[in-house]
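Reader: Hi! I have a new model open on my screen and would love to talk it through with you. Shall we go straight to the sheet?

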Amino acid sequence: MVHSFVGKIQKGISHFVHKRHGLNEELVVAEEVREGYFTVIAVKDGEIKRFIIGLEYLSDPEFLGLLDQAREEYGFIQKGAIFVPCRPQQLQTILDGQR
């Protein structure tokens, strides 16, 4: 099940432009995203922050948990950046934990 979930996420990662939550294009446009990375936007209670994340995080159980929450809230129809329903500090803690 996790393998197919990761596969769907990987298929959806590309260069993108997408507006959601009233964000401007500068926050969402990922022109500077290099191959092997993707954009995640953490949004919760008015806090918003964009992260450029390496594909290696697609194997991190905590990060996959956030993606599952995103799937439940937003579905797989998201285009562009992946929005996760968490505070930016929570995502940063997950990212720092894998280093």
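Author: Happy to. This is a predicted model, and its three strands form an open sheet in the order β2-β1-β3, with mixed pairing.

Reader: Nice. Which strands stand at the edges, and why is one side of each left without a neighbour?

Author: Those are β2 (47-54) and β3 (82-84); each has a single partner strand, so one side of each has no neighbour in the sheet. From one strand to the next, the twist averages 30°.

Reader: How many bridges join β1 to β3, and do they run parallel or antiparallel?

Author: Three bridges link β1 (residues 37-44) with β3, and the two run parallel. For one residue pair to look at, I41 has F83 in β3 as its bridge partner.

Reader: And which helix packs on the sheet?

Author: That is α3 (residues 61-74), which touches β1, β2 and β3. The direction of α3 makes about 95° with that of β3.

Reader: Let me zoom out for a moment. In what order do the elements run from the N terminus on?

Author: The order is α-α-β-β-α-β-α, with four helices and three strands in the protein chain.

Reader: Thanks. How much of the chain counts as buried?

Author: Of its 99 residues, 42% are buried. The chain exposes about 6,000 Å², and carbon and sulfur atoms supply 50% of that area.

Reader: What about contacts between residues far along the sequence, say at least 24 apart?

Author: If you take the contacts between residues at least 6 apart in sequence, 54% of them join residues at least 24 apart.

Reader: Changing topic: where is D60 found?

Author: D60 sits in the loop between β2 and α3.

Reader: Is D60 buried or exposed there?

Author: D60 is buried: its relative accessible area is 12%, and the cut-off for buried is under 20%.

Reader: What does the D60 side chain reach?

Author: The D60 side chain reaches the backbone nitrogen of E62, at 3.0 Å.

Reader: Last topic, the aromatics. How many aromatic pairs are there?

Author: The count comes to three aromatic pairs. One of them is Y74 with F83, an edge-to-face pair with 6.4 Å centre to centre and 70° between the planes.

Reader: F83 again! Are Y74 and F83 buried or exposed?

Author: Both Y74 and F83 are buried. F83 is also the bridge partner of I41 that we met in β3.

Reader: And which residues form the aromatic cluster?

Author: F38, Y57 and F63 form one aromatic cluster.

Note on methods: Residues are numbered from 1 along each chain as its sequence is written. This is a predicted model: local features need pLDDT of at least 70, side-chain atom pairs count only at pLDDT 80 or more; totals for chains, interfaces and linings use all residues. Side-chain values use heavy atoms; hydrogens and water are left out. Two strands pair if DSSP finds at least two bridges between them. Axes are lines fitted to C-alpha atoms, for helices over the stretch in contact, and angles run from 0 to 180 degrees between N-to-C directions. Contact means heavy atoms within 4.5 Å. Buried means under 20% relative accessible area, exposed over 50%, partly exposed in between (1.4 Å probe, protein chains only). Accessible areas come from the Shrake-Rupley method with a 1.4 Å probe; for residues, only the protein chains shown count as cover. A polar contact is a pair of N or O atoms within 3.5 Å; within protein, one must be able to donate a hydrogen and the other to accept it, and residues adjacent in sequence count only if both atoms are side-chain atoms. Rings of Phe, Tyr and Trp (its six-membered ring) pair if their centres lie within 6.5 Å; planes under 30 degrees apart count as stacked, over 60 as edge-to-face and the rest as tilted.
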